[in-house]
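Q: I have a model open and would like to learn how to read its features one by one. Where should we begin?

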Amino acid sequence: MSTISNRFFVTAIDDGSTLHGELRATKSLSQAWNGSGAVPNWTTTTNGTYTNAPIIYLSLLRGSTPVVPNAGSTSWQYNGVSITFSSSGSTKVFAVGETTVSCQGYESIDGRFFVINEYPMDSTHFVPALAIIGNLASSTNPDTDSITLNGAYSIGQTSSIDFSVTANVRISRITSNGYFGQINFVGGKSDITEAGGYVIAYAQLYNQSGSPISNNDFSVRYTLNDAPSTMGSDVTENSTTYQDAIKILESNVIDYATLKCEFLYSVDGTQQVVFTVIEGIDDRQDDEYLYVQRSGLNGNNASLHSGDNPVSFEFFVGTASDATAQTGWAFKIKLYKADAVEITDSVSELSAYNTGITARTDGYYILSTDSTSHKATLNIPYSLVKNKASDFLSGIIYATTT
């Protein structure tokens, strides 16, 4: 049995074309407020190098080929509002994995962002990127934020396709005696770009004051898609050993996979899961692709107001070069609150708007597949997002075949 997965809000698809893309990040896009400061502190510099600041960069493909957008076509938004940048450029240095990268760009007027016009997605493709150099978590901002890149890509010499891709920044609170965890990737990239390649993820847990907890004092449990869980271990790469880590081979990932990391810490003498985080891994060597489309529109982020009709998502498996739905795939989903806590008791809210949906005891909701279109549809009502997910819901869709 093989499994493909994707997340509702990760990938933006240009409907009817083979252009698809997403925003990737060099560090985990998650930050917490501990009552007096942000954890981790993205403003921290050492010898002029930003050590914690994540860089969000564009991964745009036409079929399975990386491409770059039209020059001058891109613009950035934070929570739907355009980011304004200074007219005077500068150079900033960032820690990316185990190395540093010097980038030319422009700082935003509010000082929280740094736009990079040409960031090395790989050795031959230089793409737009945005570094977060100011803290987003605060006493008045404890929820999820979004970063959006809009742009265009030329098809032939006379026409172009507009695209819009969004990354969500998970903002939360660290309560008294609480914890906050992150997983990062060796080298700062979670893309598998070569046949036989791999990525290495590793974990870090923080306490309420924002101080890192020694890796010797906690453990982690990883789950890739719906495969059996495995405990984190020591993984050595280029003479450096990463604790509480996992090495994920290309053979373990079909197109896109979701990695869940559960942090286990001793509380009152008992090992308990104190934090959960989810990240995505993209294998650009695989041609199969799980398409996620919101009501046939570009992108897969949605907002609902009270009284709105449910938002509709459509799922199907094609290839990176052919968006024709394939037969033989079954679809199932898992739903999560903004804090990555799984939602397992919402079948009544979903069944009212989705014919044939069923729930399993392991937390999956099974979707019915249309026998003609070979697609599955999920309708999400406002009441589910508001009442069960506390205003922000995310989902992972899995397509499975034997």
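A: Begin with a single side-chain pair. This is a predicted model, and in it the side chains of Thr 223 and Ser 229 are joined by a polar contact of 2.7 Å.

Q: Where does Thr 223 lie, and is it buried or exposed?

A: Thr 223 belongs to strand S22, residues 218-224. Its relative accessibility is 11%, and because the cut-off for buried is under 20%, Thr 223 counts as buried. Leaving aside residues up to four places away in sequence, Thr 223 touches Ser 229, Thr 258, Leu 259 and Lys 260.

Q: How do I read another residue of that strand, such as Arg 221?

A: In a regular strand, side chains alternate between the two faces of the sheet. Arg 221 also lies in S22. With 26% relative accessibility, Arg 221 counts as partly exposed. Its contacts, again without residues up to four places away in sequence, are Ser 229, Thr 230, Met 231, Lys 260, Cys 261, Glu 262, Leu 264 and Val 273.

Q: How many residues lie between positions along the chain and how far apart in space are Arg 221 and Cys 261?

A: They are 40 residues apart along the chain, and their C-alpha atoms are separated by 5.7 Å. For the chain as a whole, 67% of the contacts with a separation of 6 or more are between residues 24 or more positions apart.

Q: Which sheet holds S22, and in what order do its strands come?

A: S22 is one of five strands in an open sheet with mixed pairing, ordered S19-S27-S26-S22-S23. S19 and S23 (230-231) are the edge strands; each has a single partner strand, so one side of each has no neighbour in the sheet.

Q: How do S26 and S27 pair inside that sheet?

A: S26 (residues 256-267) and S27 (residues 270-283) are antiparallel and share twelve bridges. As one position to inspect, Tyr 265 stands opposite Gln 272 in S27.

Q: Which strand could I use to practise reading burial along a whole element?

A: Take S15, residues 126-132. Six of its seven residues are buried, so S15 is largely enclosed by the rest of the structure. S14 (residues 113-120) pairs with S15 in the antiparallel sense over six bridges, and a hairpin of five residues links S14 to S15. Within that pairing, Val 115 has Leu 130 as its bridge partner. S8 (residues 55-62) also runs antiparallel to S15, joined by three bridges; there Tyr 57 is partnered by Ala 129. For background, the chain has two helices and 35 strands, and buried residues are 52% of its 402 residues.

Q: What should I look for in the backbone angles?

A: Most residues other than glycine have a negative phi, and most peptide bonds are trans. Departures from that pattern can be listed here. The peptide bond between Val 39 and Pro 40 is cis, with omega about -10 degrees; Pro 40 sits in the loop between S5 (38-39) and S6 (45-46). Asn 47 has a positive phi near 55 degrees. Asn 47 is in the loop between S6 and S7 (49-50) and counts as exposed at 82% relative accessibility. Asn 238 has a positive phi of about 50 degrees, is placed in the loop between S24 and S25 (240-249), and is exposed with a relative accessible area of 69%.

Q: What does Asp 234 in S24 touch?

A: Asp 234 lies in S24, residues 233-237, and at 54% relative accessibility counts as exposed. Not counting residues up to four places away in sequence, Asp 234 touches Thr 241, Tyr 242, Gln 243 and Asp 244. Asp 234 and Lys 247 are 13 residues apart in sequence, with a C-alpha to C-alpha distance of 9.7 Å.

Q: How do I describe a pocket, for instance the second largest pocket?

A: Give its volume, then its lining. The second largest pocket holds about 440 Å³ of space. It is lined by 17 residues, and those closest to its centre are Val 186, Lys 189, Asp 191, Thr 193 and Tyr 198. S19 (191-192) and S20 (198-206) are the elements that give two or more residues to this lining, with S20 providing the largest share, three residues. By class, the lining has six nonpolar, five polar and six charged residues.

Terms used
Residues are numbered from 1 along each chain as its sequence is written. This is a predicted model: local features need pLDDT of at least 70, side-chain atom pairs count only at pLDDT 80 or more; totals for chains, interfaces and linings use all residues. Side-chain values use heavy atoms; hydrogens and water are left out. On a 1 Å grid over the protein atoms alone, a cavity is a set of points where a 1.4 Å probe fits but cannot get out, and a pocket is an open set with protein on both sides within 12 Å along at least five of seven lines; lining residues have an atom within 4 Å of a point. Grid points are joined across faces, edges and corners, and a volume is the space filled by probe spheres set on the points. Helices (H or I, at least four residues) and strands (E, at least two) are DSSP runs, numbered from the N terminus. Ala, Val, Leu, Ile, Met, Phe, Trp, Tyr, Cys and Pro count as nonpolar, Asp, Glu, Lys and Arg as charged, and the others, Gly among them, as polar. Buried means under 20% relative accessible area, exposed over 50%, partly exposed in between (1.4 Å probe, protein chains only). A polar contact is a pair of N or O atoms within 3.5 Å; within protein, one must be able to donate a hydrogen and the other to accept it, and residues adjacent in sequence count only if both atoms are side-chain atoms. Contact means heavy atoms within 4.5 Å. Two strands pair if DSSP finds at least two bridges between them.
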